[in-house]
Amino acid sequence: QVQLVESGGGLVQAGGSLRLSCAASGRTFSIYTMGWFRQAPGKEREFVAAISRNGHRTYYADSVKGRSTISGDNTKNLVFLQMNTLKPEDTALYYCAASPLASEYVNILMAGNYDYWGQGTQVTVSS
């Protein structure tokens, strides 16, 4: 099993920045891809960003591309999502997710390809 704990969410004004963190524990050696998803009230969970185990591959949703950066620290089993120029439409509950599948072989934009999920951290962007 893998446990994921997110942190770093909060209330920020439009144009501001936040850095989300995800701490992984347990059988972290089984993880090949880490991702961030978000879910706003009344909407489906959507992909935000993902990173391969070695950090060489990163993926972003068009909605956050150019404003966000995903990174990882394998020595500490941490994954980060730096979000800049935040917009009210970024308001959502942000989830960290871990997949035992390599991004080269599966569609890591799909939530169904992730086996482990955190509880989420709330991001609220005021206009």
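This is a short talk on the core, the aromatic pairs and two unusual backbone angles in a predicted model.

Okay, let's start inside. The largest nonpolar core has 34 residues, and Leu4, Met34, Trp36, Leu81, Met83 and Tyr94 touch the most other members. Several strands give two or more residues to that core, among them β1 (2–7), β4 (33–39), β8 (78–83) and β9 (92–99). Take leucine 4: leaving aside neighbours within four places in sequence, its contacts include Cys22, Met34, Cys96 and Trp117.

Now, the aromatics. How many aromatic pairs does a search of the whole structure find? Five. In one of them, phenylalanine 37 and phenylalanine 47 have ring centres 5.6 Å apart and planes at 80 degrees, so they sit edge-to-face. Phenylalanine 37 is in β4 and phenylalanine 47 in β5, so this pair ties together parts ten residues apart in sequence. Phenylalanine 37 is buried at 1% relative accessibility, and phenylalanine 47 is buried at 9%.

Then there's tyrosine 95 with tryptophan 117: centres 6.3 Å apart, planes at 80 degrees, so edge-to-face. That one links β9 to β10, 22 residues apart. Tyrosine 95 is buried at 12%, whereas tryptophan 117 is partly exposed at 26%. Add Tyr114 to these four residues and you've got one aromatic cluster. And arginine 45 lies over the face of tryptophan 117, 4.7 Å from the ring centre.

Last bit, the backbone. Asparagine 77 isn't a glycine, yet has a positive phi of about 55 degrees; this residue is in the loop between β7 and β8. Threonine 85, also not a glycine, has a positive phi of about 45 degrees, and lies in the loop between β8 and β9.

Conventions. Residues are numbered from 1 along each chain as its sequence is written. This is a predicted model: local features need pLDDT of at least 70, side-chain atom pairs count only at pLDDT 80 or more; totals for chains, interfaces and linings use all residues. Side-chain values use heavy atoms; hydrogens and water are left out. A nonpolar core is a set of buried Ala, Val, Leu, Ile, Met, Phe, Trp, Tyr and Cys residues joined through side-chain atoms within 4.5 Å. Buried means under 20% relative accessible area, exposed over 50%, partly exposed in between (1.4 Å probe, protein chains only). Helices (H or I, at least four residues) and strands (E, at least two) are DSSP runs, numbered from the N terminus. Contact means heavy atoms within 4.5 Å. Rings of Phe, Tyr and Trp (its six-membered ring) pair if their centres lie within 6.5 Å; planes under 30 degrees apart count as stacked, over 60 as edge-to-face and the rest as tilted. A charge sits over a ring if NZ of Lys or CZ of Arg is within 6 Å of the ring centre and within 35 degrees of the ring normal.
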